[in-house]
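Work through these exercises with the model open beside you. Try each task before reading its solution.

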Amino acid sequence: MARNPARPRSRAGGAAALALTVLLAGCGSVQELDPQEAESHYDAVIADVQAALGHELVHAPATRSFESEGGECLFTPGGYEADGLGAELGVEENWDPVLESLDPVLEEHGFETVDAPRREGAILMIAVEDTYGTELSLGENGMVRIHGARVSAEACEGQ
């Protein structure tokens with residue numbers, strides 16, 4: 001993937017440092033992020049997902065949160081609507097080019113990749129996890145949701 005000259009180098013360096021941290025932390029266990037690092041990391045994820053999809057993603061700010069759940073502090077970057085994408089994703093064959101451009105972005109940011117959408121009730125969708133236990137989902141309704149990043153407990157203190 002060619003580097004976008006408009007993208008600051010510090011983001012690339014941060015992504016490399018993040019990848020190294022994940023690699024050194026070991027396989028199979030869910031990692032934990034610093035809360036500020038989590039926000040900037042997932043903002044970068046959503047910016048790259050938007051570029052890969054080729055559709056503007058409109059954020060619902062009220063969906064961003066830090067919440068304590070089951071003794072863990074979880075960061076949810078939120079829900080985004082991909083303006084105009086939903087009509088394309090209602091047909092399974094239309095997912096091929098979407099996944100072709102999305103998979104490298106997912107892999108770059110530590111998410112699993114996916115070969116095809118699955119049916120969740122009446123909706124075609126994908127859902128993948130990263131090393132922080134965060135799930136990114138995209139449905140035929142054009143909704144992108146990122147939720148459940150494990151972050152350090154102090155982010156949830158007082159919640």
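Is Phe75 buried or exposed, going by its relative accessibility? Phe75 has 0% relative accessibility, so Phe75 counts as buried. Buried means under 20% relative accessible area, exposed over 50%, and partly exposed in between, with a 1.4 Å probe and protein chains only.

Some ground rules come before the other tasks. This is a predicted model, in which local features need pLDDT of at least 70 and side-chain atom pairs count only at pLDDT 80 or more, while totals for chains, interfaces and linings use all residues. Residues are numbered from 1 along each chain as its sequence is written, and side-chain values use heavy atoms, with hydrogens and water left out.

**Exercise 1. Place Phe75 among the aromatic rings.**

Step 1. Take the pairs. A search of the whole structure gives two aromatic pairs. Rings of Phe, Tyr and Trp (its six-membered ring) pair if their centres lie within 6.5 Å; planes under 30 degrees apart are stacked, over 60 edge-to-face, and the rest tilted.

Step 2. Describe one pair. Tyr42 and Phe75 are tilted, with 6.5 Å centre to centre and 45° between the planes.

Step 3. Locate the partners. Tyr42 lies in helix α2 (residues 35-53) and Phe75 in strand β3, so this pair ties together parts 33 residues apart in sequence. Helices (H or I, at least four residues) and strands (E, at least two) are DSSP runs, numbered from the N terminus.

Step 4. Check burial and widen the view. Tyr42 has a relative accessible area of 0%, so Tyr42 is buried. Tyr42, Phe66 and Phe75 make up one aromatic cluster.

**Exercise 2. Find the disulfide and describe its geometry.**

Step 1. Search. The whole structure holds one disulfide. The cut-off is a pair of cysteine sulfur atoms within 2.5 Å.

Step 2. Name the partners. Cys73 and Cys156 are joined, with their sulfur atoms 2.0 Å apart.

Step 3. Place them. Cys73 is in strand β3 (residues 72-76) and Cys156 in the segment after β9 (149-151), so the pair ties together parts 83 residues apart in sequence.

Step 4. Read the handedness. The torsion about the S-S bond of Cys73 and Cys156 is about 80°, so the disulfide is right-handed. Both Cys73 and Cys156 are buried.

**Exercise 3. Trace the salt bridges around Arg64.**

Step 1. Count. The structure holds four salt bridges. Each is a side-chain nitrogen of Lys or Arg within 4 Å of a carboxyl oxygen of Asp or Glu.

Step 2. Take Glu39. Arg64 and Glu39 meet at 3.3 Å, N to O. Arg64 sits in the loop between β1 (57-60) and β2 (65-69) and Glu39 in helix α2, so the bridge ties together parts 25 residues apart in sequence.

Step 3. Take Asp43. The closest N and O atoms of Asp43 and Arg64 are 2.6 Å apart. Asp43 is in helix α2, 21 residues from Arg64.

Step 4. Join them up. Glu39, Asp43 and Arg64 are linked in a network of salt bridges. Arg64 is partly exposed at 25%, Glu39 at 27% and Asp43 at 32%.

**Exercise 4. Account for the surroundings of two buried acids, Asp130 and Asp103.**

Step 1. Look for charge partners. Lys and Arg count as positive and Asp and Glu as negative, with His and the chain ends not counted. Asp130 has no salt bridge, and its nearest side chain of opposite charge, Arg150, is 7.2 Å away. Asp103 has none either, with Arg118 as the nearest at 12 Å.

Step 2. Place the acids. Asp130 lies in the loop between β6 (123-129) and β7 (135-139). Asp103 is in helix α3 (residues 95-108).

Step 3. Check backbone partners of Asp130. A polar atom of its side chain lies 2.9 Å from the backbone nitrogen of Tyr132. For the backbone nitrogen of Thr134, the distance to a polar atom of the Asp130 side chain is 3.0 Å.

Step 4. List contacts (heavy atoms within 4.5 Å). Leaving out residues up to four places away in sequence, Asp130 touches His41, Tyr42, His109, Gly110 and Phe111. On that basis Asp103 touches Thr113 and Val114.

How values were computed:
Polar contact = N/O pair within 3.5 Å; in protein donor to acceptor, adjacent residues only side chain to side chain.
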